[in-house]
Amino acid sequence: MRRKIVAGNWKMNLTFQQARELALRLNTWVKANKPIAEIIVAPTHLYLEQLNKDLRNSNITVASQNVSAMPNGAYTGDVSAEQLLSIGTKLSIVGHSERRAYHYEQDKYIGKKITHLYEHGMSPILCVGEKLEDRDAGKHFDVVGEQITIALERQDSEDLKNLIVAYEPVWAIGTGKTATPDQAQEMHAFIRKTIGGQHGLSVANNTSILYGGSVNAGNARDLFEQYDIDGALVGGASLNFDDFTTIISARK
């Protein structure tokens, strides 16, 4: 059985007090409702240590929104895998479209981040997705296939047993637009096939592939009904307790 996962990427939102209140409230809800899905929240780096402590004995995993491609050294403002691990963080998002767009991160660089995570016994949530012009030009499979292949080309297949991939069509992030369930399923199946061709069917069949791109309380259930969609990476809706818990409950 592939892991069913609902992750909340809080991005550069919430004060410390707001983030802690949301995390603790969510923890109380999870204990009471015992959802099927694994729950992940990714706050800003500033809050990781405290939220790791607050949620230490819970069923919620705290993830980093990013990690450096470098192990250590003179990289002002970066945070290394070793530093994240030292405060109890064992999971990090890598390759988010906002990092690719605003910080010009390329696939090989993202692959280096994944390598450092695995070197420290950590795991990535690898984000991939095409822009609107790529889909309109019929290049969406080429773009996503290249992102997957290059990011994972240096990884040992044995390490990839805990790999999580998030498909986030760039044209659907924060726009209110969402890929149709059929479009999302088609790409998720393609991603699984691409991983299988590179690292074998066992890895592909055990990789949880999440959909991200304006996931909300209204569309989550239809997306989750698709065979290759194992959960969601939720942006804005994860900041709202009622919306996020409704999405979590939809993952049966």
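Contact here means that heavy atoms lie within 4.5 Å of each other. The model described below is a predicted one.

**The sheet**

Eight strands form an open sheet with parallel pairing, and their order is β3-β2-β1-β8-β7-β6-β5-β4. Because β3 (60-62) and β4 (91-94) each have a single partner strand, they stand at the edges, and one side of each is left without a neighbour in the sheet. From one strand to the next, the twist averages 25 degrees. At the β3 edge, the pairing between β3 and strand β2 (residues 38-42) is parallel and extends over three bridges, and within this region isoleucine 40 has threonine 61 of β3 as its bridge partner.

**Helices on the sheet**

Two helices can be described by the strands they meet and by their direction relative to one of these strands, as set out in the table.

| Helix | Strands | Angle |
|---|---|---|
| α1 (residues 16-33) | touches β2 and β3 | about 150 degrees with β3 |
| α11 (residues 241-250) | lies across β1 (5-9), β2 and β8 (231-234) | about 160 degrees to β1 |

Strand β2 thus appears in both rows, since helix α1 packs on the sheet touching β2 and β3, while helix α11 lies across β1, β2 and β8.

**Histidine 140**

Histidine 140 belongs to helix α7, which spans residues 140-152. Its relative accessible area is 11%, and because a residue counts as buried under 20%, histidine 140 is classed as buried. When neighbours within four places in sequence are left aside, the residues in contact with histidine 140 are Glu130, Asp134, Arg135 and Met187.

Methods: Residues are numbered from 1 along each chain as its sequence is written. This is a predicted model: local features need pLDDT of at least 70, side-chain atom pairs count only at pLDDT 80 or more; totals for chains, interfaces and linings use all residues. Side-chain values use heavy atoms; hydrogens and water are left out. Helices (H or I, at least four residues) and strands (E, at least two) are DSSP runs, numbered from the N terminus. Buried means under 20% relative accessible area, exposed over 50%, partly exposed in between (1.4 Å probe, protein chains only). Two strands pair if DSSP finds at least two bridges between them. Axes are lines fitted to C-alpha atoms, for helices over the stretch in contact, and angles run from 0 to 180 degrees between N-to-C directions.
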